[in-house]
Amino acid sequence: MTDPDVERQLVALAHDFAANEIRPVAASFDETEAFPADIVRKAAAIGLTSFDLPAAYGGGGVDSVRTACLIGEELAWGDAPIGSIVGSASFFADPLAALGTEEQRARWITPLCGDDPPMTGLAITEPGVGSDAAAIATTATRVEGGYRLNGQKTWVSGAPVGRYYLVYATVAPGTRAKGITSFVVEQGDEGFSLGRTLPKLGSRCYPTGELFFADCFVPEDRRIGDEGEGFYGVMRSFERSRVTLAADSIGIGRAALEYAVDYAKQREAFGTKIHEFQAVSFRLVDAKMALDQARLLTLHAADLADAGQPFGTEASMAKLAASEAAWNAANAAVMTLGSYGYSREYPVEKWLRDAKLEEIYEGTSDIQRLIVARSLFPRER
């Protein structure tokens with residue numbers, strides 16, 4: 001649990017950074033689809049890229065999921081894709097911290113805590129494998145001194161600009177989760193190549209791409225954990241990341257709602273401010289209520305995680321509720337602005353595009369409902 005004063009200071013730092021460094025440039029990075037490297041370096045200089053990485057390797061040592069959520073909400077309020085980039089190191093570092101050796105953690109987490117941290121990526125999804133992560137088809141064949149990877153990954157966030165990738169492959173095809181193992185692949189490894197950068201509706205400055213492995217050799221010391229432990233590692237990471245992604249969603253929705261409320265206070269129609277019309281004000285009330293409910297679910301899941309209690313179902317409920325609340329809030333903002341809401345000269349259409357991703361990645365809304373349903377109707381053993 002983070003000291004309350006430290007938490008408040010970190011959240012204030014994140015909010016100020018979002019307001020002063022991220023928001024003023026968010027639209028430009030969306031239009032150009034350029035990678036915000038300078039913003040990442042500025043965030044690194046004040047510890048925002050590594051506050052939740054282990055102190056032993058130079059990080060801030062904040063291991064509270066609740067604190068990470070509060071910081072993530074502020075960064076996403078500034079801009080969701082840039083905020084995700086700033087906070088991306090933990091997605092790579094968490095499986096290493098859980099399953100890696102001391103040498104591996106020092107080797108790959110330490111650079112993430114520097115002033116110019118390398119970009120990383122998690123390579124799980126394949127052209128034929130999305131929600132069913134146990135069906136990974138990329139293979140890792142044991143050879144003298146290590147493994148040969150063969151296969152393809154897609155929808156890897158940060159792929160075009162990454163230096164390190166945590167790649168999930170099977171050492172025992174046909175055994176599903178039992179064979180899945182994780183490996184660190186580095187840019188420049190023989191047999192490893194980048195594919196195309198994928199065009200996206202939103203989150204456009206956070207490049208997403210393909211990875212190819214053609215007899216890509218990785219030495220044995222690049223395997224993270226034992227053979228077959230990869231599925232446990234990725235599911236563990238998903239549970240935590242779904243909570244923090246829920247907070248990101250709330251940040252998007254909050255930004256959209258605030259903008260719509262301010263607009264409704266200024267805009268006049270039929271001789272009165274439009275917030276006087278119930279069609280407008282009730283729409284925004286519903287958006288606020290859903291966002292606040294989602295925040296409570298998110299912080300509840302975070303508190304369970306911090307207490308060492310099971311929180312998988314709560315993580316799924318938080319992500320489901322928050323992502324749908326963000327989409328509804330952004331849509332309410334578009335409707336409140338009318339034609340201006342559809343214009344790229346105003347920020348609300350971007351929030352709508354960015355919010356849609358929140359319902360898809362790290363497990364779609366359908367998958368989150370499936371997880372919650374299984375908690376209600378557990379399978380008989």
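Visitor: Which helix gives the most to the lining of the second largest pocket?
Guide: This is a predicted model, so take the pocket as computed. Three helices, α5 (89–99), α7 and α8 (278–306), each supply at least two residues of that lining. With five residues, the top contributor is α5.

Visitor: And which residues lie nearest the centre of that pocket?
Guide: The second largest pocket has a volume of about 450 Å³. Its lining runs to 20 residues, split into ten nonpolar, three polar and seven charged. Nearest the centre you'll find Asp63, Val65, Asp94, Arg236 and Arg240.

Visitor: What about closed spaces, then: what is the volume of the largest cavity?
Guide: The structure holds two cavities of 30 Å³ or more. The lining of the largest cavity includes Val40, Thr49, Ile85 and Met119, and its residues divide into eight nonpolar, two polar and no charged. The volume of the largest cavity comes to about 50 Å³.

Visitor: Where does the largest share of the lining of the second largest cavity come from?
Guide: The second largest cavity has about 30 Å³ of space. Its walls are Phe91, Leu122, Ser237, Phe238, Ser241 and Glu362, or three nonpolar, two polar and one charged. The largest share, three residues, comes from α7.

Visitor: Staying with α7, is glycine 251 buried or exposed?
Guide: Glycine 251 sits in helix α7, which covers residues 230–266. Buried means under 20% relative accessible area. The relative accessibility of glycine 251 is 0%, so glycine 251 counts as buried.

Visitor: Which residues is glycine 251 in contact with, leaving aside its neighbours within four places in sequence?
Guide: Tyrosine 346 is not a bad yardstick for distance here: 95 residues from glycine 251 in sequence, and 18 Å away in space, C-alpha to C-alpha. For contact, heavy atoms have to come within 4.5 Å. With the sequence neighbours set aside, the partners of glycine 251 are Glu73, Ala76 and Trp77.

Visitor: How many of the residues of helix α11 are buried?
Guide: Helix α11 spans residues 348–358 and is mostly covered. Its buried residues include Trp351, Leu352 and Arg353. They pack against α1 (4–32), α4 (80–86), α7, α9 (312–337) and α10 (339–342). Out of eleven residues in α11, the buried number is nine.

Visitor: Let's move to the strands: which residue in β3 stands opposite threonine 141?
Guide: Strand β2 (residues 139–143) and strand β3 (residues 146–157) run antiparallel, with five bridges joining them. The two strands form a hairpin with two residues between them, and glycine 145 in the turn has a positive phi of about 85 degrees. Opposite threonine 141 stands arginine 148.

Visitor: Also in β3, how far apart are the closest N and O atoms of lysine 153 and glutamate 126?
Guide: Glutamate 126 forms a salt bridge with lysine 153. The pair links distant parts of the chain, 27 residues apart: glutamate 126 is in the loop between β1 (119–123) and β2, and lysine 153 is in strand β3. Both residues are buried. Their closest N and O atoms are apart by 2.8 Å.

Visitor: Arginine 176 and aspartate 132 meet in a salt bridge too; why does arginine 176 count as partly exposed?
Guide: The N to O distance in this salt bridge is 2.8 Å. The two residues are 44 apart in sequence, with arginine 176 in the loop between β4 (162–170) and β5 (180–186) and aspartate 132 in the loop between β1 and β2. Aspartate 132 is partly exposed because its relative accessible area is 37%. Arginine 176 counts as partly exposed because its relative accessibility is 44%.

Visitor: In helix α8, how many residues apart are aspartate 292 and lysine 288?
Guide: The salt bridge between aspartate 292 and lysine 288 has its closest N and O atoms 3.0 Å apart. Aspartate 292 is partly exposed at 30% relative accessible area, and lysine 288 is partly exposed at 44%. Both lie in α8, about one turn of the helix from each other, and the separation is four residues.

Visitor: Which residues are linked with those two in a network of salt bridges?
Guide: The count for the structure comes to 32 salt bridges. Lys288 and Asp292 belong to a network of them. The other members are Glu73, Glu74, Arg254, Glu258 and Arg295.

Notes. Residues are numbered from 1 along each chain as its sequence is written. This is a predicted model: local features need pLDDT of at least 70, side-chain atom pairs count only at pLDDT 80 or more; totals for chains, interfaces and linings use all residues. Side-chain values use heavy atoms; hydrogens and water are left out. Buried means under 20% relative accessible area, exposed over 50%, partly exposed in between (1.4 Å probe, protein chains only). On a 1 Å grid over the protein atoms alone, a cavity is a set of points where a 1.4 Å probe fits but cannot get out, and a pocket is an open set with protein on both sides within 12 Å along at least five of seven lines; lining residues have an atom within 4 Å of a point. Grid points are joined across faces, edges and corners, and a volume is the space filled by probe spheres set on the points. Ala, Val, Leu, Ile, Met, Phe, Trp, Tyr, Cys and Pro count as nonpolar, Asp, Glu, Lys and Arg as charged, and the others, Gly among them, as polar. Two strands pair if DSSP finds at least two bridges between them. A salt bridge is a side-chain nitrogen of Lys or Arg within 4 Å of a carboxyl oxygen of Asp or Glu.
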